[in-house]
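User: Could you take a close look at one part of this model for me? I'd like a connected walk through it, with the surroundings brought in where they help.

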Amino acid sequence: MSHLQNLLLDTLLGTKHVDSAALIKLQERTLCVASPGFSVMPNDVKTLVNGYAKNPLQTRREGLYFKEKDYKCVRADDYSLYAKNENTGVVVVKTQLYLLVATYTEGMCPSICVEATEKLGEYLRRKGN
């Protein structure tokens, strides 16, 4: 298991408020690592990368279609994108090299998912990732 995958498992899934997580390489637009059982398809990668390429206000207005679900965008800026669909959601944090993606499901606390994802994103930014 890679260091990056261990980071995802320990710092995100370890909270018990992140259902699944992945790191996407921004330049290559490819999946780098993901938690077990979390498959991020190429069209989902494209959707997430385009969410940052567009004007964040446009992404906020239009929402996000991820993993065959429509999500209402509740935050979209240069570094973070939060979207929800009923009791589930996706949190995306941008670093220099990656998009860090975390999902939560019903029964999980969205604020803990956001906090853990943002903290890992900040750690990766400090490391130059």
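Analyst: Let's start with Arg125, which is buried, at a relative accessible area of 18%. The cut-off matters here: buried means under 20%, so Arg125 falls into that class with its 18%. Bear in mind that this is a predicted model.

What does Arg125 pair with? Arg125 forms a salt bridge with Glu122, and the closest N and O atoms are 3.2 Å apart. Both residues sit in helix 4, three residues apart, or about one turn of the helix. Glu122 has 35% relative accessibility and therefore counts as partly exposed. That gives a pair with a buried arginine and a partly exposed glutamate.

Helix 4 covers residues 110-126, and it holds another pair, Glu115 and Lys119, which are four residues apart, again about one turn. Their side chains meet in a salt bridge, at 3.2 Å from N to O. Glu115 is partly exposed, with a relative accessible area of 43%, while Lys119 counts as exposed at 55%. As background, side chains of opposite charge can pair when their charged atoms come close.

How many salt bridges does the structure hold? There are three. Besides the pairs in helix 4, there is one between Asp77 and Arg75, with the closest N and O atoms 2.7 Å apart. Asp77 is partly exposed, at a relative accessible area of 25%, and Arg75 is partly exposed too, at 33%.

Arg75 takes us into the sheet, since strand 4 spans residues 69-76. Seven strands make up this open sheet, in the order 2-1-7-6-5-4-3, with antiparallel pairing. Its edges are strand 2 (30-34) and strand 3 (64-66), each of which pairs on one side only. On average, neighbouring strands are turned by 30 degrees against each other, ignoring direction. In general terms, strands of a sheet pair through backbone hydrogen bonds, either parallel or antiparallel.

Now follow the sheet in from the strand 3 edge. Strand 3 runs antiparallel to strand 4, and three bridges join them. Phe66 has Lys69 in strand 4 as its bridge partner. The two strands form a hairpin with two residues between them, and Lys67 in the turn has a positive phi of about 50 degrees.

Next comes the pairing of strand 4 with strand 5, antiparallel over four bridges. These strands also form a hairpin, this time with three residues between them. Ala76 stands opposite Leu81 in strand 5. Leu81 then links onward, with Val92 in strand 6 as its bridge partner there. Strand 5 (residues 80-85) and strand 6 (residues 88-94) pair in the antiparallel sense over six bridges.

The loop between strand 5 and strand 6 contains Glu86. Although Glu86 is not a glycine, its phi is positive, at about 55 degrees. Most residues other than glycine have a negative phi. Glu86 is exposed, with a relative accessible area of 76%. Lys16 is another non-glycine residue with a positive phi, near 70 degrees. Where does Lys16 lie? It is in the loop between helix 1 and strand 1, and at 64% relative accessibility it counts as exposed.

That loop leads back to the helices that lie across the sheet. Helix 1 (residues 3-12) lies across strand 1 (20-25), strand 2 and strand 7 (98-104), and runs at about 55 degrees to strand 2. Helix 2 (residues 42-53) lies across strands 1, 2, 3, 5, 6 and 7, and its angle to strand 3 is about 155 degrees. Pro42 is part of helix 2, and Pro42 is exposed, with a relative accessible area of 65%. The C-alpha atoms of Pro42 and Gln96 are separated by 20 Å, with the two residues 54 apart along the chain.

Back at the starting point, then: Arg125 is buried at 18%, and its salt-bridge partner Glu122 is partly exposed at 35%.

Methods: Residues numbered from 1 in each chain as written. Predicted model: local features only at pLDDT ≥ 70, side-chain atom pairs only at ≥ 80, totals over all residues. Heavy atoms only, no water. Pairing = 2+ DSSP bridges. Axes fitted to C-alpha atoms, helices over the stretch in contact; angles between N-to-C directions. Contact = heavy atoms within 4.5 Å. Buried < 20%, exposed > 50% of the residue type's maximum accessible area, 1.4 Å probe, protein only. Salt bridge = Lys/Arg side-chain N within 4 Å of Asp/Glu carboxyl O.
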